[in-house]
Amino acid sequence: MERQKTNTNIFLIGFMGAGKSTVSRALKSILGMRRIEMDRAIEEQEGISISRIFAEKGEEYFRRKETEFLCSLPAGENLVVSCGGGVPMRPANVQAMRERGAIVWLTACPETILKRVGKSHNRPLLEGHKNIDYIRKMMDERKPFYTDAADLIVSTDDRTAAQIAREITDHLQRRV
Ligand code: S3P
């Protein structure tokens with residue numbers, strides 16, 4: 001059964017490793033939404049990897065690119081956007097997302113996050129800090145920003161991407 005479209009863009013926010021990319025793929029296959037991976041889009045625009053942007057141009061430059069990217073998106077175009085984990089830390093980003101669609105916060109406990117990010121080396125902010133205490137501290141600092149931004153909060157611990165995507169679509173369809 002094809003699910004009814006939500007007629008809104010969906011912005012997936014959450015900590016690194018919360019499952020934003022995986023869930024965006026599930027939403028694409030369930031709803032036929034167009035999927036945008038913000039980090040990949042910025043890498044394509046800049047012609048270098050996120051790690052190199054951080055190392056060569058600095059974090060502030062990357063944050064500006066995130067804001068510019070969000071502000072360039074159309075409203076209500078049936079896009080699912082997998083956002084970088086730091087996006088909700090800037091009020092301008094939250095406003096840009098609110099004006100363009102629904103904001104869904106994917107949560108996971110630090111143990112789950114560590115399992116998911118453990119072997120990757122494409123997240124400069126976690127390089128050399130892949131341990132539970134560091135992840136928990138960073139999550140706690142970010143929590144108020146994610147909480148303020150979110151229209152909907154969905155836990156991803158011990159759940160499949162399809163289950164999470166269904167919860168999101170059911171909720172958003174009830175809203176329209
Ligand atoms: C970041 C998260 C990363 C990427 C960059 C910074 C963050 O994206 O944007 O490394 O500040 O949390 P993912 O959340 O997709 O890993």
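Which atom of G86 lies 3.3 Å from an oxygen atom of the ligand, backbone or side-chain? The one in question is a backbone N or O atom. Keep in mind that this is a predicted model.

## Around the ligand

Start with the pocket residues: 13 of them surround the ligand, and the closest are K20, D39, R63, R123 and R142. Two of these arginines reach ligand oxygens through their side chains. For R123, a polar side-chain atom sits 2.6 Å from an oxygen atom of the ligand, and for R63 the distance from such an atom to a ligand oxygen is 2.7 Å.

How much of the ligand's accessible area does the protein cover? On its own the ligand has 390 Å², and 96% of that is covered by the protein.

## Helix α2 against α3

Now for the helices. Helix α2 (residues 38-46) and helix α3 (residues 50-57) have axes that come within 9 Å and cross at roughly 60°. With that angle, α2 counts as oblique to α3.

On the α2 side, the contact uses D39, R40, I42, E43 and E46, which meet I50, I53 and K57 in α3. Sorted by type, the residues of this contact are 3 nonpolar, 5 charged and no polar. D39 turns up here and also among the residues closest to the ligand.

## Helix α3 against α4

Next along is helix α4 (residues 59-71), whose axis comes within 7 Å of that of α3, with a crossing angle of roughly 125°. That makes this pair oblique too.

Here I50, I53, F54 and K57 of α3 meet E59, Y61, F62 and R63 of α4. The tally for this contact is 5 nonpolar, 3 charged and no polar. R63, then, touches α3 and also has that side-chain contact with the ligand.

Methods
Residues are numbered from 1 along each chain as its sequence is written. This is a predicted model: local features need pLDDT of at least 70, side-chain atom pairs count only at pLDDT 80 or more; totals for chains, interfaces and linings use all residues. Side-chain values use heavy atoms; hydrogens and water are left out. Axes are lines fitted to C-alpha atoms, for helices over the stretch in contact, and angles run from 0 to 180 degrees between N-to-C directions. Helices (H or I, at least four residues) and strands (E, at least two) are DSSP runs, numbered from the N terminus. Angles under 35 degrees count as roughly parallel, over 145 as roughly antiparallel, 65 to 115 as roughly perpendicular and the rest as oblique. Contact means heavy atoms within 4.5 Å. Ala, Val, Leu, Ile, Met, Phe, Trp, Tyr, Cys and Pro count as nonpolar, Asp, Glu, Lys and Arg as charged, and the others, Gly among them, as polar. A residue is near a molecule or strand if one of its heavy atoms lies within 4 Å of it. A polar contact is a pair of N or O atoms within 3.5 Å; within protein, one must be able to donate a hydrogen and the other to accept it, and residues adjacent in sequence count only if both atoms are side-chain atoms. Accessible areas come from the Shrake-Rupley method with a 1.4 Å probe; for residues, only the protein chains shown count as cover.
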